[in-house]
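Trainee: I've got the structure up on screen and I'd like to talk through it with you. Shall we go question by question?

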Amino acid sequence: MKNHRLFKNWGTVKKGLDAASIQLSFANHLEYSLSKDQYTATTQDMYTALALTVRDRIIERWIKTQQKYHKHDVRRVYYLSAEYLMGRMLVSNLVNLGIYQETQKALAELDIDLEELAEMEPDMGLGNGGLGRLAACFLDSMATLALPAQGYGIRYEFGIFDQAIRNLGQVELPENWLKFGNPWEIGRPEYNFSVDYNGFVKQTHMPDGRLVTEWCDTNRVIGVAHDVPIIGYGNNTVNNLRLWSARASREFDLGYFQDGDYLKAVEEKNLSENISKVLYPNDQIYAGKELRLKQQYFFVSCSIQDIIRRYLHEHKDFSLFPEKVVIQLNDTHPSLAIAELMRLLLDRYQMGWDRAWDITQRTFAYTNHTLLAEALEKWPVSMLESLLPRHLMIIYEINRRFLRDVSTLYLNDTDRMRRMSIIEEGPEKMVRMAHLAIVGSRSVNGVAELHSRLLRRKELKDFYDMFPERFNNKTNGVTPRRWLLAANPALAGLIESRIGRKWVTNLDELRHLESFINAKNPDESFLQQWISIKRINKEVLARLTMDLTGVGVSPEAIFDVMLKRIHEYKRQLLNILNVIYCWLKLKHDSSFSFHPRVFFFGGKAAPGYARAKLIIRLICHVAEMLNRDLQTRNRIKVVFLPNYRVSLAEKIFPAADLSEQISIAGYEASGTSNMKLALNGALTVGTLDGANIEIMEAVGRENIFIFGLTNDEVAALRTDYHPADYLAADPLLSEVFSLIQKGFFSPEERDLFHPLIEPLLREDRFMVLADFAAYHNCQRQVDERYRDRQAWTTSAILNVARMGRFSSDRTIKEYNRDIWQCTPLPILME
């Protein structure tokens, strides 16, 4: 471009990192981008102006990064995930750019509070649970490690839902996170792709022997790209998160409009845009299930087409595709990408099956995130036949060839063939998406040592027997930039004052903290500062709790937190039963030693998961009764914090004393809240499940509270388990159940909680009663340890000091070393 100097000079004005430059940019955006002045600007306007100011300082690095990737024709990793739980971006971006203090200074001179502006930002509504938060941590680490990477996902207009607690139960409200737009994203309407559904498949044998396949008479939707920059810490790398929104191929039918049928005129637009409307529509009904399948195919089709477009910009054929492209599937949601790449190679690029399959298998890698059989996605064959007929044909052919390989390797083993088939036979034929992902990938990994071992020995044993070289473990991790440096600045500042700042990108450096708690010569000043910071953080959470719930809590109490998606296997029910048990002990036994404790719960239940929603109601009903008990309310309180999300977690984790990680052994793949809480100095009470085992190995058995059945013990007990026997052996536990069954906590609806309690007495699938006594006794150990504040604080410091292996930087380095093999490419600014 001839006027490149003009662009260069203009850019100089917008990239200064000092307070004066930031202040000038902020004022300019307020006036020229938003048409506001000091009299008309709202706090929302000021947040937007600041976000645009920060984005200006990202843009040059963003462009430079993509230019260098293009120039060097790098091997890139493409991360496909249905969720990205990004949280708020402002503070994280300021921290990673290294301009938080300068920005704070610039705004303070204008009498503007940076924290107040940060509170105006909504959490990005792109995820729900640990899967999405892990993806967000991974994006941060990829950029920090200067890896050529790009994320792909869906730009959900309304996220999953905002949770309100009304009438002591969960109510779902629209999560309108885009109400004021998203200043971090840049729309890319020039990057749009057609996505087809329905129709029929026509195959023609050509005179030269080729088989030409056409997918005809389809319903078409357009996917439009929106890009969000992902900033590395302390470097100039800015990677890209590309999100797809759905648009109609024909947004407006003038003929219908002119005839007065105004709804019909925009019907296609509305139906098409539903695809990117909401994260995880309720799949308890057929229409919701069909919409979820549409969503999954929509995002993988757009992403695969975009990856191919980028590749063909530099290459004339597909001979180097697996050398330049690696696609990581974050769980089974994107596994249709395997069939889609095959479709494009076969039908659009006229490639033969063997070559297309070789390219596909060498390109994909798959991460499994669950041990729950019901969570391993399956789709009805009939639904795929209607929505994606060509893909079903391809899946059948993949399965046919795969089963031939199985049959030749394992002669006459029809049971094995049935177990391994991608198609599950039954009253309704189903496509097993995890099997498709395994067969179509060169790498399959679990996310914690126990999880990976159980995949090899149990859930996916047949596949491990056949493809042992594909299976590996990559224990999850969390980014210390967000979860310590940004979320807990006071503690981060104390750590920096003693050991410097290398820990931000090398979390193993935290080990140096151990020298300050040497048993022979502890640093009393350090210990007292640590205690003081925890106290201040608890005071902040106490004020927030009052604002959100109207419940007053004392920072002198143990802050006991259980924050995660509500699910029976995570056993929030075990926790609340123990709360009632302790309350009854306080009522019956005046000598019962119990340090004041606040039990914090938080998490969302899927709208169609009735029993999970009932668990929330039980917690809230128990809180209602216990918090008004004049006899005990200064010693025991229960709080359900509504609308749990990243920005709320960032306020809770620094204040937590105790982290509840109590899933039944063998069910939690990994967990990452356990890592975030330990990184902020909370001690863990947990089972030998998921990453709890590795945390125990890292911090030492004496610095964690472990209880309950092991995975092997669970399996052994299940063959002869009688849950009612445990109730009969404990009169106080029987009283807990009696109170719930008789409606003590729900006097207006006395049988409200029968659907929760009766299954526990009959089958107790997640062994709440089997682990109850061990859990209660473990909590008594917690109480005893907390009374020795120096011992507790020493354990808390050791938890932080020994969290090095749980950095997502370590996880990503392992993915890259063993699977991706991308070369880091530092970005140098001129």
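**Salt bridges, strands and odd corners**

Mentor: Sure, and keep in mind that this is a predicted model. Here's a starting point: Asp462 has a relative accessible area of 13%, so it counts as buried.

Trainee: Which residue does Asp462 meet in a salt bridge?

Mentor: Look at the helices for this one: Asp462 sits in α20 (residues 461-466), and its partner sits in α17 (residues 414-420), 46 residues apart. That partner has a relative accessible area of 12%, so it is buried. The N to O distance is 3.4 Å, and the partner is Arg416.

Trainee: And which residues are joined into one network by salt bridges that share partners?

Mentor: A search of the whole structure finds 54 salt bridges. Where such bridges share partners, they can chain up, and here they make one network of Arg188, Asp227, Arg242, Asp306, Arg309 and Arg310.

Trainee: How many residues apart in sequence are the parts that Arg88 and Asp123 tie together?

Mentor: These two form a salt bridge, with the closest N and O atoms 3.7 Å apart. Arg88 lies in the loop between β1 (76-80) and α4 (90-97), and Asp123 in the loop between α6 (114-118) and α7 (130-144), so the parts tied together are 35 residues apart in sequence.

Trainee: Take the salt bridge of Lys36 and Asp45. Is Asp45 buried or exposed?

Mentor: Their side chains meet at 2.4 Å, N to O. Lys36 has 25% relative accessibility, so that end is partly exposed. Buried means under 20%. Asp45 has a relative accessible area of 13%, so the word for Asp45 is buried.

Trainee: On to strands. What is the bridge partner of Glu660 in β21?

Mentor: Start with the strands themselves: β20 (residues 658-661) runs parallel to β21 (residues 683-686), and four bridges join them. Glu660 belongs to β20, where Leu658 and Glu660 on one side and Ser659 and Gln661 on the other are all buried. Across in β21, the partner of Glu660 is Val685.

Trainee: β20 pairs with β17 too, in the parallel sense. Which residue of β20 is the bridge partner of Val561?

Mentor: The β17 and β20 pairing runs over two bridges. β17 covers residues 558-563, and the partner of its Val561 in β20 is Ser659.

Trainee: What distance separates the C-alpha atoms of Asp560 and Thr684?

Mentor: Asp560 is in strand β17 and has 0% relative accessibility, so it counts as buried. Asp560 and Thr684 are 124 residues apart along the chain, and their C-alpha atoms are separated by 9.8 Å.

Trainee: Why do β12 and β13 each have one side without a neighbour in the sheet?

Mentor: The sheet is open and has three strands in the order β12-β14-β13, with antiparallel pairing. β12 (378-380) and β13 (423-424) stand at the edges, so each has a single partner strand.

Trainee: And which residue in β14 stands opposite Glu424?

Mentor: β13 pairs with β14 (residues 430-432) in the antiparallel sense, over two bridges. Opposite Glu424, in β14, stands Met430.

Trainee: Which residue in the turn of the β6 and β7 hairpin has a positive phi?

Mentor: β6 (residues 200-205) and β7 (residues 211-216) run antiparallel and are joined by six bridges. One of the bridge pairs is His205 with Leu211. The hairpin has five residues between its strands, and the one with a phi of about 95° is Gly209.

Trainee: Asp217 isn't a glycine but has a positive phi as well. Is Asp217 buried or exposed?

Mentor: Asp217, with a phi of about 55°, is in the loop between β7 and β8 (219-231). The cut-off for exposed is over 50%. Asp217 has 64% relative accessibility, so the verdict is exposed.

Trainee: And Met767, buried or exposed?

Mentor: Met767 also has a positive phi of about 55° without being a glycine. Its place is the loop between α32 and α33 (768-787). The relative accessible area of Met767 is 0%, so Met767 is buried.

Trainee: Last one: which residues gather in a patch of negative charge on the surface?

Mentor: One of them, Glu758, lies in helix α32 (residues 754-762). At 34% relative accessibility, Glu758 counts as partly exposed. The patch is made of Glu748, Glu749, Asp751 and Glu758.

Terms used
Residues numbered from 1 in each chain as written. Predicted model: local features only at pLDDT ≥ 70, side-chain atom pairs only at ≥ 80, totals over all residues. Heavy atoms only, no water. Patch = residues over 30% accessible without salt bridge, like charges linked within 9 Å, V, L, I, M, F, W, Y side chains within 5 Å. Areas by Shrake-Rupley, 256 points an atom, 1.4 Å probe, with all protein chains shown as cover. Salt bridge = Lys/Arg side-chain N within 4 Å of Asp/Glu carboxyl O. Lys, Arg positive; Asp, Glu negative; His and termini not counted. Charge placed at Lys NZ, Arg CZ, Asp CG, Glu CD. Buried < 20%, exposed > 50% of the residue type's maximum accessible area, 1.4 Å probe, protein only. Pairing = 2+ DSSP bridges.
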